Amino acid sequence: MAKFNVTQKLKRTKIKERKRATQGDPETRKLKVKEQPTSLSGKRKRKLFKKWRKEQKDALQKGLISLEDVEMAVAEGSSEDTGTTSQEKSKKSPIKFHVKKGGKLRIRKLKRKGRDTSNNSKKISSEPASTSSVDAMDRDSMTRGTANEVLSALSLPHPENPTRKQEAATEIHLPLFTFYRARSGNRPSEIPGELLRVLTWGKMKTLPAFVVALCLLSALRVSADGSNHKYKEGDHVPLYANKVGPFHNPSETYRYYDLPFCTPEHVKEKREDLGEVLNGDRLVSAPYQLNFRVDRQSETLCQKTLSREEVAKLRDAVSKDYYFQMYYDDLPFWGFIGKVDKENKLDSSEFKYLLFKHIHFDILYNNDRVIEINVQTDPNLAADITEDKEVVVELSYSVKWKETDIPFEKRMEKYSKSSSMPQHLEIHWFSIINSCVTVLLLTGFLATILMRVLKNDFIKYSHDEESLDDQEETGWKYIHGDVFRFPKYKSLFCAVLGSGTQLLALAIFIFLLALVGVFYPYNRGALFTALVVIYALTSGIAGYTATSMYLQLEGTNWVRNLLLTGCLFCGPLFLTFCFLNTVAIAYSATAALPFGTILVILLIWTLVTSPLLVLGGIAGKNSKAEFQAPCRTTKYPREIPPLPWYRGTIPQMAMAGFLPFSAIYIELYYIFASVWGHKIYTIYSILFIVFIILIIVTAFITVALTYFQLAVEDHEWWWRSVLCGGSTGVFIFGYCLYYYYARSDMSGFMQTSFFFGYMACICYGFFLMLGTVGFRASLLFVRHIYRSIKCE
């Protein structure tokens with residue numbers, strides 16, 4: 001009964017609500033929901049128009065727009081498009097106010113009901129704009145061209161040729177004017193005509209207008225900062241000072257203004273991407289004024305009084321051969337800040353330290369583009385800073401512009417000429433020929449072995465008797481029950497394969513980008529950005545390879561294996577980075593990464609690398625692939641006979657790493673001179689050929705050593721193939737020691753720690769990558785030879 005009463009009560013409540021909605025509230029007799037009006041009264045129209053007039057008046061008072069700008073834009077629209085006067089326009093059809101959904105209104109034509117527009121607003125002249133106004137609006141021909149391209153690309157009608165006739169009164173888009181003034185700092189009268197006409201186009205919808213204006217503003221900003229590399233005479237060309245540091249220590253660099261140079265009033269720092277920050281670039285505005293095609297003769301930069309501490313700092317910098325690096329229109333150039341005069345002096349205490357006071361710039365141009373820049377210092381104009389005393393220095397510079405016929409597209413070839421000179425090319429090709437001969441010898445050697453093995457197999461199974469020599473040569477046949485026994489430490493083994501496969505994919509993608517010309521000389525930070533991004537995107541390959549192989553080897557805890565795979569290479573690299581970044585912070589060097597950059601890298605690792613690694617692991621788990629073994633594994637392992645010392649792991653690794661290293665050591669010198677020096681390496685095609693040869697030689701030599709190991713009935717070849725393949729990384733680290741002490745002049749704790757720290761990580765990566773190549777090649781070979789015999 002209680003349930004029935006509750007149901008009846010709810011029913012009565014619903015009926016009462018329905019009546020109240022249709023007939024109104026019984027007490028107030030007012031409807032709960034009212035319908036929106038479909039039209040506007042005259043009073044409402046006048047109220048809206050009065051509100052609009054107030055907004056326009058406030059805008060004029062605040063200086064957001066000027067009345068001349070409104071008149072100029074409207075006069076052009078009226079005179080060019082229709083040729084009608086404002087009085088004729090005012091006699092057109094009455095105004096219609098459109099009501100949108102949601103109750104929002106948009107006024108299409110701004111008039112009072114039953115009145116002429118000329119009584120409500122400033123009377124607009126139908127005569128063409130004056131010559132001065134036209135000149136002011138035609139001041140930016142390039143901007144007008146950009147606007148035309150943007151409008152045509154967006155498939156929008158041009159403001160000067162609208163599809164419908166323009167209104168008599170034009171509404172200025174105030175938010176866009178405010179936005180443009182905030183970005184450019186221009187007065188409304190200085191706004192280019194094309195942009196003004198877009199902003200004052202009344203019939204244009206709000207969203208397309210905003211998009212077009214943003215595109216135009218972006219184009220204007222781009223043309224203003226010189227990124228299109230086109231200039232007129234007297235235009236400002238961007239000049240940025242990058243860093244200073246010892247010439248022989250490329251990693252030990254400091255900010256330009258860490259030394260007591262002339263500092264401009266407002267030092268502007270250039271925003272840099274991730275790769276530039278990782279490269280140690282810190283670009284700031286330079287104090288020199290190198291305007292386009294403006295010669296200068298002994299222009300005084302500043303007169304500076306150097307204190308005793310500053311003199312000592314500069315003297316120490318000169319003694320270490322400090323250089324500075326700058327970028328002029330994205331063209332790099334270098335110069336020394338001083339020199340040590342050692343002429344006819346043996347004792348270092350008698351050396352004379354000179355600081356260059358004058359710098360001369362030689363700049364080549366072609367039409368409206370900068371092609372080349374060179375800097376020269378005059379030893380005759382130098383200040384003596386040998387003694388610890390205050391020195392008054394007047395710093396100056398001069399600029400000389402010269403015309404050249406070198407096209408803009410070839411202005412970067414100057415920096416790559418040194419690596420493609422004939423004598424260097426001969427050395428590179430000699431290295432490739434040497435490597436190819438090594439590959440051919442190994443190929444012939446392995447083909448001979450394989451043919452002999454197959455021949456002996458046919459002899460054995462066609463005859464019952466075998467000689468003793470044949471038993472020694474074919475001893476690998478007697479371990480067919482142990483050769484596919486899974487290795488120890490399966491989780492670590494699969495993590496090595498996963499990380500090595502990822503690094504191999506990373507190297508291939510980097511070479512592809514280099515071959516298509518992405519890493520041209522001094523494309524600041526492009527290589528570091530590509531390394532970070534591609535490594536993050538290829539982490540799924542590591543997860544899939546490691547998990548799939550781990551499950552094939554009958555592993556159970558694939559989640560732990562996945563975590564080990566993710567940390568196997570990143571873990572040592574992160575620890576090395578933390579130590580080296582701490583050293584750089586102690587030295588106040590530009591190699592110290594800011595906190596924001598470290599946070600970005602951690603976010604990339606957390607939000608991109610880790611999820612892709614997990615997805616790859618899940619895909620590998622779901623693949624459910626089984627390990628393909630031609631022979632059945634016995635229950636108990638066969639005992640390995642005693643072996644001579646040269647059959648051990650270390651001697652085998654030494655033999656395995658020597659041949660691949662001999663194929664690449666000539667190229668290693670040029671790579672080291674580029675990474676840890678100031679030379680430029682641009683012959684990526686030859687480097688790619690050498691890399692392919694390295695992969696082939698590593699695979700062949702590992703297969704050969706695996707065959708010799710199996711021939712003496714040693715069936716533990718899994719880890720041996722990885723160690724022999726990756727032993728080339730150990731040889732590369734040995735070459736690092738030789739290069740540091742014999743071929744370079746690097747010194748100091750910071751440079752030494754950076755060199756050996758990062759080279760240890762790179763050699764470790766080579767170990768993982770080439771170890772994976774060696775195992776994969778050995779696995780294919782072992783499967784092939786055991787398929788050719790009958791396993792009992």
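So, C761: this cysteine is buried, at 9% relative accessible area, where buried means under 20%, exposed over 50% and partly exposed in between, with a 1.4 Å probe and protein chains only. Before I go on, this is a predicted model, so local features need pLDDT of at least 70 and side-chain atom pairs count only at pLDDT 80 or more, while totals for chains, interfaces and linings use all residues. Residues are numbered from 1 along each chain as its sequence is written, and side-chain values use heavy atoms, with hydrogens and water left out.

Okay, other cysteines. How many disulfides do we get? The count is one, taking a disulfide as a pair of cysteine sulfur atoms within 2.5 Å. The partners are C262 and C302, with 1.7 Å between their sulfur atoms. The link is left-handed, with -60° about the S-S bond. C262 sits in the loop between β4 (254–255) and α10 (274–278), and C302 in strand β6 (residues 296–306), so the bond ties together parts that are 40 residues apart in sequence. Those labels are DSSP runs numbered from the N terminus: helices are H or I with at least four residues, strands are E with at least two. C262 is buried at 5% relative accessibility, whereas C436 is partly exposed at 33%. And back to C761: it is in no disulfide, and the nearest cysteine sulfur, that of C763, is 9.4 Å away.

Staying around that disulfide, have a look at E394, in strand β14 (residues 391–403). Its C-alpha atom is 9.8 Å from that of C262, although the two are 132 residues apart along the chain. What does E394 touch? Leaving out residues up to four places away in sequence, E394 touches T300, C302, Q303 and K357, contact meaning heavy atoms within 4.5 Å. E394 itself is partly exposed, at 41% relative accessibility.

Now helix packing. Two packed helices are described by the angle between their axes and the distance between the axes. Here the axes are lines fitted to C-alpha atoms, over the stretch in contact for helices, and angles run from 0 to 180 degrees between N-to-C directions.

Take α18 (residues 558–587) and α19 (residues 595–623): their axes come within 9 Å and cross at roughly 160°. That makes the two helices roughly antiparallel; the cut-offs are under 35 degrees for roughly parallel, over 145 for roughly antiparallel, 65 to 115 for roughly perpendicular, and oblique for the rest. The crossing is right-handed, meaning the near helix is turned clockwise from the far one by less than a right angle, with anticlockwise being left-handed. Among the residues in contact are W558, F574 and F577 of α18 and W605, L613 and K621 of α19. By class, this contact has eleven nonpolar, four polar and one charged residues. For the classes, Ala, Val, Leu, Ile, Met, Phe, Trp, Tyr, Cys and Pro are nonpolar, Asp, Glu, Lys and Arg charged, and the others, Gly among them, polar.

The other pair is α21 (residues 684–711) and α22 (residues 718–743), whose axes come within 9 Å and cross at roughly 145°. That crossing is right-handed. L694, T698, T702, L705, T706 and Q709 in α21 meet R720, S721, C724, G725 and T728 in α22. The class split there is three nonpolar, seven polar and one charged.

Last bit, backbone. Most residues other than glycine have a negative phi. S588, in the loop between α18 and α19, has a positive phi of about 55°.
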